[in-house]
Amino acid sequence: FRIAVFASGSGSNFQAIVDAVQAGKLDVEVGLLVCDRPGAKVAERAAAAGVETFAFRPKEYASKEAYESEIVKRMQEQRIDLVVLAGYMRIISDTLLQPYEGRIVNIHPSLLPSFPGLDAIGQALAHGVKVTGVTVHFVDGGMDTGPIIAQRAVEVAEGDTADTLADKIHPVEHELYPSVIRAIREGRVALSGDGRRVGWR
Ligand code: GRF
């Protein structure tokens, strides 16, 4: 069971997945990192872990379809079973969605459907919610939409800033994402017939 991780930034979730694999807690192979910012820290992490990387600059392609086609080709070469978005800051279009339908997951730092899109942590603080959290969901063509697989709550304390709240949310992500990938790998997560809801067994 081979996964591709897509990330654009620091890659702490990529690292948590690699660490879980290396610790024998997650029985998958990380076959590919897809990174749309070639200098990002996540690319260093992949090099250190010996994970093949496809780093590209979207601007160097004629269209989204062009670079997504290249990504699909690389994923087919690597026989990827599951696509794991971990801080990949782009909407996925049909070029990628269709061949991997029902096999793409994303993690988002809020309790969706609250606070989709950019800066979910800042949005939660601005709204004054007392509880926020983390969501892992299957990906469809929308922005942080798609059937919800798992969620964890994180309390917002008086005086929390974007930094202190992020410091509470990230460790929750690092625990949740590997465990959801494990559940998918073990066949314990299933999409309903209409593709809109997730059941666990
Ligand atoms: C995480 O907060 C994730 O929920 C969001 O992007 C962030 C990525 O962080 N989608 P990192 O690069 O894994 O450290």
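Strands, in the sense used here, are DSSP runs of E that span at least two residues, numbered from the N terminus, and in this predicted model W200 sits in one of them, strand β9, which covers residues 198–200. W200 counts as exposed because 9 other C-beta atoms lie within 10 Å, and the cut-off for that class is 12 or fewer. Leaving out residues up to four places away in sequence, W200 is in contact with R188 and V189. A183 is 17 residues from W200 in sequence, and their C-alpha atoms are 8.7 Å apart in space.

From this strand one can step back to the chain as a whole. The domain assignment divides the protein into domain 1, residues 1–101, and domain 2, residues 107–201. Taken over C-alpha atoms, the centres of domain 1 and domain 2 are separated by 19 Å. The two domains meet through 18 residues of domain 1, which are in contact with 13 residues of domain 2. On the side of domain 1 that touches domain 2, α1 and β4 each supply at least two residues, and the largest share, five residues, comes from α1. Sorted by class, that side of domain 1 has 14 nonpolar, two polar and two charged residues.

A UniProt record, in an unreviewed entry, places the feature "domain: Formyl transferase N-terminal" at residues 2–181. Over residues 2–181 the chain is 37% helix and 22% strand, and the C-alpha atoms at the two ends are 11 Å apart.

The interior comes next. In soluble globular proteins, nonpolar side chains tend to be buried together. Here the largest nonpolar core has 52 residues, and A4, V5, I17, L33, V84 and A86 are those with the most contacts inside it. Helix α6, residues 162–185, gives the most to this core, with six residues. The core lies between domain 1 and domain 2, because both of them give residues to it. A4 shows what such a position looks like in detail: apart from its neighbours within four places in sequence, A4 is in contact with G31, L32, V34, M75, Q78, I80, V83 and V84.

Helix α1, already met on the side of domain 1 that touches domain 2, also holds V18. V18 counts as buried because it has 22 C-beta neighbours inside 10 Å, where 20 or more are needed. Not counting residues up to four places away in sequence, V18 touches V30 and A49. The C-alpha atoms of V18 and E29, which are 11 residues apart along the chain, are separated by 8.8 Å.

The ligand can now be set against this background. Around the ligand stand A7, G9, S10, G11, S12, N13, A86, G87, I107, H108, P109 and E173. Two elements, α1 (12–22) and β5 (104–108), give two or more residues to this shell. By class, the shell has four nonpolar, seven polar and one charged residues. Domain 1 and domain 2 each contribute at least three residues to the shell around the ligand. A86, one of the shell residues, is also among those with the most contacts inside the largest nonpolar core.

H108, another residue of the shell, is the position at which UniProt, in an unreviewed entry, places the feature "active site". H108 lies in strand β5 and counts as buried, because 23 other C-beta atoms lie within 10 Å. Apart from residues up to four places away in sequence, H108 touches A120, T135 and D144.

The UniProt record, again an unreviewed entry, lists K64, M89, R90, I91, I92 and N106 under "binding site". Two of these positions can be followed in the model. R90 is found in the loop between β4 (82–85) and α4 (94–97), and I92 is found in the loop between β4 and α4 as well. Is each of them buried or exposed? R90 counts as partly exposed because it has 14 C-beta neighbours inside 10 Å, whereas I92 counts as buried because it has 21. Leaving aside residues up to four places away in sequence, I92 touches L97, I104 and V139.

Note on methods:
Residues numbered from 1 in each chain as written. Predicted model: local features only at pLDDT ≥ 70, side-chain atom pairs only at ≥ 80, totals over all residues. UniProt positions renumbered as here; feature names shortened; annotations may be inferred. Helix = DSSP H or I, 4+ residues; strand = E, 2+ residues; numbered from the N terminus. Contact = placed C-beta atoms within 7 Å. Near = placed C-beta within 6 Å. Nonpolar A, V, L, I, M, F, W, Y, C, P; charged D, E, K, R; others polar. Domains from an automatic or database assignment. Core = buried A, V, L, I, M, F, W, Y, C linked by C-beta atoms within 7 Å.
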